[in-house]
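Below is a short report on one protein model. It covers cysteines, backbone geometry, ring contacts and packing.

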Amino acid sequence: MRLTIIGSSGSFPGPDSPASCYLVEAEGFRLVLDLGNGALGALQRYTDMYRVDAVYLSHLHADHCLDLCSYWVARRFAPGGPKPPIPVYGPAGVAERMAEAYGLDPDPGMTETFEFREVTAGNLRIGPFAIDLAQVNHPVDAFGIRLEHNGKVLTYSGDTGSCDELVGLARDADLFLCEASFHDHLDHPKDMHLTGSEAGEAAQRAGADQLVLTHLVPWNDDECTLNEAQGTFDGRIELARPGMVYELG
C-alpha cells in the first residue's frame, strides 16, 4: 500500500499546497481520499487522472470535496467522449451537494459521471482495501477511515475534534494521517478540529507506529504544531507535504 500526499493545506489552499487530497494505491488500484479545492491539478503530477478507480470524500466541506466539480468536467467532457463512471463514496446527500456546487439540476446532476455511494459508520470494501468507517467529531457528517491491505493499516482522520472513535480507527495503525488545525495556546471552537497535542494524544492512545500531521492551516506555524504533537506522542512524527510518499509493506 502506497500513500502519496497531494494536498495537506487545511481549510483553504495555501501558497505551497492544495487543500486536502491523498492518493492511496495497492494492486494497481488508485483511491483518492478527499478532493479539496486546488487538488485536481496537483493530482495530475502523480497519476493519470483518468486512471483513478474511486474517490472517497470524508465530508462535504469545500476544502475536502470541491474539486470533484473540476473532475466532473474533466471526465464528462474528455476528448474522445465521456469517461466511464467511477464510484464516489461520501456522506448522505453527496450527489445533491456536488450538483448544487456546480449549479446543476440534481437530476441527473453528476450521476452520469460518478456512481455516488452514501456511507455510514461500519465496514465495506473499496477495491483491494478493507475499510472501516466511523463518524467523527465535526459540525457536519464526517467520517474517519481505516484502510487495511496485506496486514498493513493506514488511518485518515478527515476533520475532527477529539473523540474515542478516532482512536479506535487508528488502533495499531502503521501510519496515522491526522489533522492538526489548531494551536494549544489559542482560543478555538470546540468539537471541530484538533491541535497538534490532541493529534499526538490520539496517536499515543491508539498505539500508532507513525503520525503524519495534515490539514495544516496556512496562517499557522507548522513547527509549533509539530512541537505540540511531539510533546504527547513518542513515535515517529512528520508534517505532511505535497509529493511525500509512504510505502506501507
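## Cysteines without a bond

Cys178 has 0% relative accessibility and therefore counts as buried. This is a predicted model. Cys163 is buried too, with a relative accessible area of 13%. Do these two cysteines sit close enough for a bond, or too far? The sulfur of Cys163 is 9.4 Å from the one in Cys178, its closest cysteine sulfur, and that is too far for a bond. The search from the other side gives the matching result: the closest cysteine sulfur to that of Cys178 is in Cys163, at 9.4 Å. A disulfide would need the two sulfur atoms within 2.5 Å. The count of disulfides is zero.

## The annotated domain

UniProt places the feature "domain: Metallo-beta-lactamase" at residues 18–197, in an unreviewed entry. Over residues 18–197 the chain is 19% helix and 31% strand. The end C-alpha atoms of that stretch are 24 Å apart.

## Backbone outliers

Three loop positions deserve a check of their backbone angles.

The peptide bond from Asp107 to Pro108 is cis, with omega near 15°. Pro108 lies in the loop between helix H4 (94–102) and strand S6 (114–118).

Two residues have a positive phi although neither is a glycine: Ser11 and Asp172. The table sets them side by side.

| Residue | Phi | Loop | Relative accessible area |
|---|---|---|---|
| Ser11 | about 75° | between strand S1 (2–7) and strand S2 (21–26) | 38%, partly exposed |
| Asp172 | about 55° | between helix H5 (164–169) and strand S11 (175–179) | 55%, exposed |

## Rings and charges

How many aromatic pairs does the model hold? The count comes to seven. One of them joins Phe29 and Phe129: the ring centres are 6.3 Å apart and the planes stand at 75°, so the pair is edge-to-face. The angle clears the cut-off, because planes over 60 degrees apart count as edge-to-face. Phe29 lies in strand S3 (residues 29–35) and Phe129 in strand S8 (residues 129–135), so the pair ties together parts that are 100 residues apart in sequence. Both Phe29 and Phe129 are buried.

Ring pairs also form a cluster. Its members are Tyr71, Phe114 and Phe116.

Two charged side chains lie over ring faces. Arg76 lies over the face of Phe77, at 5.4 Å from the ring centre. Lys83 lies over the face of Tyr50, at 4.7 Å from the ring centre.

## Two buried strand positions

Strand S8 also holds Leu133. Is Leu133 buried or exposed? Its relative accessible area is 4%, so Leu133 is buried. Leaving aside residues up to four places away in sequence, Leu133 touches Tyr56, Val119, Thr120, Ala121, Gly122, Leu124, Phe143, Gly144, Ile145 and Leu169. Leu175 is 42 residues from Leu133 along the chain, and the two C-alpha atoms are separated by 16 Å.

Thr4 lies in strand S1. Thr4 has 4% relative accessibility and so counts as buried. Which residues does Thr4 touch, not counting those up to four places away in sequence? The contacts are Tyr22, Leu23, Glu25, Tyr46, Met244 and Val245.

## Helix H7

Helix H7 spans residues 222–230. Its buried residues are Asp222, Cys224, Thr225, Leu226, Glu228 and Ala229. What do these buried residues pack against? The partners are helix H6 (196–206), strand S12 (210–214) and strand S13 (236–239).

The N-terminal end of H7 is capped by Asp221. A side-chain oxygen of Asp221 lies 3.0 Å from the backbone nitrogen of Glu223.

## Points to inspect

A few places repay a second look in the viewer. Begin with the cis bond from Asp107 to Pro108. Go on to the positive phi of Ser11 and of Asp172. Then view the edge-to-face pair of Phe29 and Phe129. Finish with the cap that Asp221 places on the N-terminal end of H7.

Terms used. Residues numbered from 1 in each chain as written. Predicted model: local features only at pLDDT ≥ 70, side-chain atom pairs only at ≥ 80, totals over all residues. Heavy atoms only, no water. Helix = DSSP H or I, 4+ residues; strand = E, 2+ residues; numbered from the N terminus. Buried < 20%, exposed > 50% of the residue type's maximum accessible area, 1.4 Å probe, protein only. UniProt positions renumbered as here; feature names shortened; annotations may be inferred. Phe/Tyr/Trp six-rings, centres within 6.5 Å; stacked < 30°, edge-to-face > 60°. Lys NZ or Arg CZ within 6 Å of the ring centre and 35° of its normal. Contact = heavy atoms within 4.5 Å. Polar contact = N/O pair within 3.5 Å; in protein donor to acceptor, adjacent residues only side chain to side chain.
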